[in-house]
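Q: Hey, can you walk me through this one? I'm new to reading structures.

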Amino acid sequence: MAVSVGGVIGGASAQTVDPAVRAYREALSDKDGNPGVLIVEQGAALFKKPDGPKNVSLEKCDFGLGPGVLKGAYAQMPRYMSDTGRVEDLETRLLHCMVTLQGKDPQMIKDQRFANETKHERNTDWEKIVAYIAAQSDGMKLSMPTSHPLERQAIAVGERIFFTNIGPLDFSCATCHAEDGKRIRLQSLANLTDPKQAQNVMGAWPTYRVSHSAVRTMQHRMWDCMWQMRLPDVDLGSPATVALIAYMTKKADGATLDLPGMRR
């Protein structure tokens, strides 16, 4: 869901790419120069550091493969969690663990979740931890489980939301992301209904955004797109965002994760 405020919306077709623009895009694929790797390292320290009123680390958090098991966990999310009785993505689960294990106030976490690019802020602790956890699935195949009815329901609800026009601009996710060849200025818009294009996107998120000078999480992508659609601020880990992420993840099934990614 990408919308440009004041830019050309959706209908512009792809044109011949300028060589300088092509070179810029190729540079973004150079993982050795990805600042997001440093963010992952910082996230590792924060993940293992005792914190919160209970002064414990997050090392006993269960992301679906057992307490403390991170390797491959992100590759199999969103997923149904029996202890909460709901489908959770990585960030929804992280919020749950920060509250239940560390005793943190959920609203305080939500208020400090994303760095503000307009204030030239760098990554928050939240974004660093998310990047670290996700990176433990680097090189693995994306494979969201669908054995539980609520997992299948989340995918179906996410698809419905993706194609539903809402808000004062009467946009849907599909307005920008359901056809080939669309772009906003120099930014190509992925057709997320095409599995190959969905794999290219979902396999690289969380991603270091060069234009933001920060790693961005998928929940931030949901929030930012909805903000640009002139919708009210969406709550971190809301059922709507989890459903959308579930739908896009299933579309990208089989993608090889390259984390952290790096995008414009």
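A: Sure, we'll start with the whole chain, then look at a pair of helices and a few loop residues. Keep in mind that this is a predicted model.

Q: What does the secondary structure of the protein chain come to?
A: The protein chain has ten helices and seven strands.

Q: And how many of the residues are buried, as a percentage?
A: Of the 264 residues in the protein chain, 48% count as buried.

Q: What about contacts, what share comes from residues 24 or more positions apart?
A: That share is 67%, counted among contacts in the protein chain with a separation of 6 or more.

Q: Ok, on to the helices. How do people describe two packed ones?
A: Two packed helices are described by the angle between their axes and the distance between the axes.

Q: So at what angle do the axes of H9 and H10 cross?
A: Helix H9 covers residues 218–228 and helix H10 covers residues 239–251, and their axes cross at roughly 110°. The two axes come within 10 Å. With that angle, H9 is roughly perpendicular to H10, because angles of 65 to 115 degrees count that way.

Q: Is the crossing of H9 and H10 left-handed or right-handed?
A: The H9 and H10 crossing is right-handed.

Q: Which residues meet there, between H9 and H10?
A: From H9 you get Met218, Gln219, Met222 and Met226. On the H10 side they meet Thr241, Val242, Leu244, Ile245 and Met248. Sorted by class, the contact of H9 with H10 has seven nonpolar residues, two polar ones and no charged ones.

Q: Why would residues a few places apart in a helix point the same way?
A: An α-helix has 3.6 residues a turn, so residues three or four places apart point the same way.

Q: Stick with H10 for a sec. How far does H10 reach?
A: H10 has 13 residues, and the reach from its first C-alpha to its last is 18 Å. That is close to the 18 Å expected at 1.5 Å a residue.

Q: Which residues in H10 are buried?
A: The buried ones in H10 are Thr241, Val242, Ala243, Leu244, Ile245, Ala246, Tyr247, Met248 and Thr249.

Q: And what covers the buried residues of H10?
A: The cover includes strand E2 (86–88), helix H3 (90–100), helix H6 (149–162), helix H7 (173–177), helix H8 (195–202) and H9.

Q: New topic: loops. Where is Thr124 found?
A: Thr124 is in the loop between helix H4 (106–111) and helix H5 (125–135).

Q: Is Thr124 buried or exposed?
A: Thr124 is buried, because its relative accessible area is 13% and buried means under 20%. Leaving out residues up to four places away in sequence, Thr124 touches Gln112, Arg113, Phe114 and Ala115.

Q: What about the peptide bond from Met77 to Pro78, cis or trans?
A: That bond from Met77 to Pro78 is cis, with omega near 0°. Pro78 sits in the loop between helix H2 (36–48) and strand E1 (79–81).

Q: And which kind of peptide bond joins Leu259 and Pro260?
A: Leu259 and Pro260 are joined by a cis peptide bond, where omega is about -10°. Pro260 lies in the loop between H10 and strand E7 (261–263).

Q: Last bit: what's the phi of Asn55?
A: Asn55 has a positive phi of about 50°, although it is not a glycine. Asn55 is in the loop between H2 and E1, and at 53% relative accessibility Asn55 counts as exposed.

Q: And what is phi of Arg230?
A: Phi of Arg230 is near 65°, a positive value in a residue other than glycine. Arg230 lies in the loop between H9 and H10, and Arg230 counts as partly exposed at 41% relative accessibility.

Definitions and conventions. Residues numbered from 1 in each chain as written. Predicted model: local features only at pLDDT ≥ 70, side-chain atom pairs only at ≥ 80, totals over all residues. Heavy atoms only, no water. Axes fitted to C-alpha atoms, helices over the stretch in contact; angles between N-to-C directions. Helix = DSSP H or I, 4+ residues; strand = E, 2+ residues; numbered from the N terminus. Parallel < 35°, antiparallel > 145°, perpendicular 65-115°, else oblique. Left-handed = near helix turned anticlockwise from the far one by under 90°. Contact = heavy atoms within 4.5 Å. Nonpolar A, V, L, I, M, F, W, Y, C, P; charged D, E, K, R; others polar. Expected span 1.5 Å × (residues − 1). Buried < 20%, exposed > 50% of the residue type's maximum accessible area, 1.4 Å probe, protein only.
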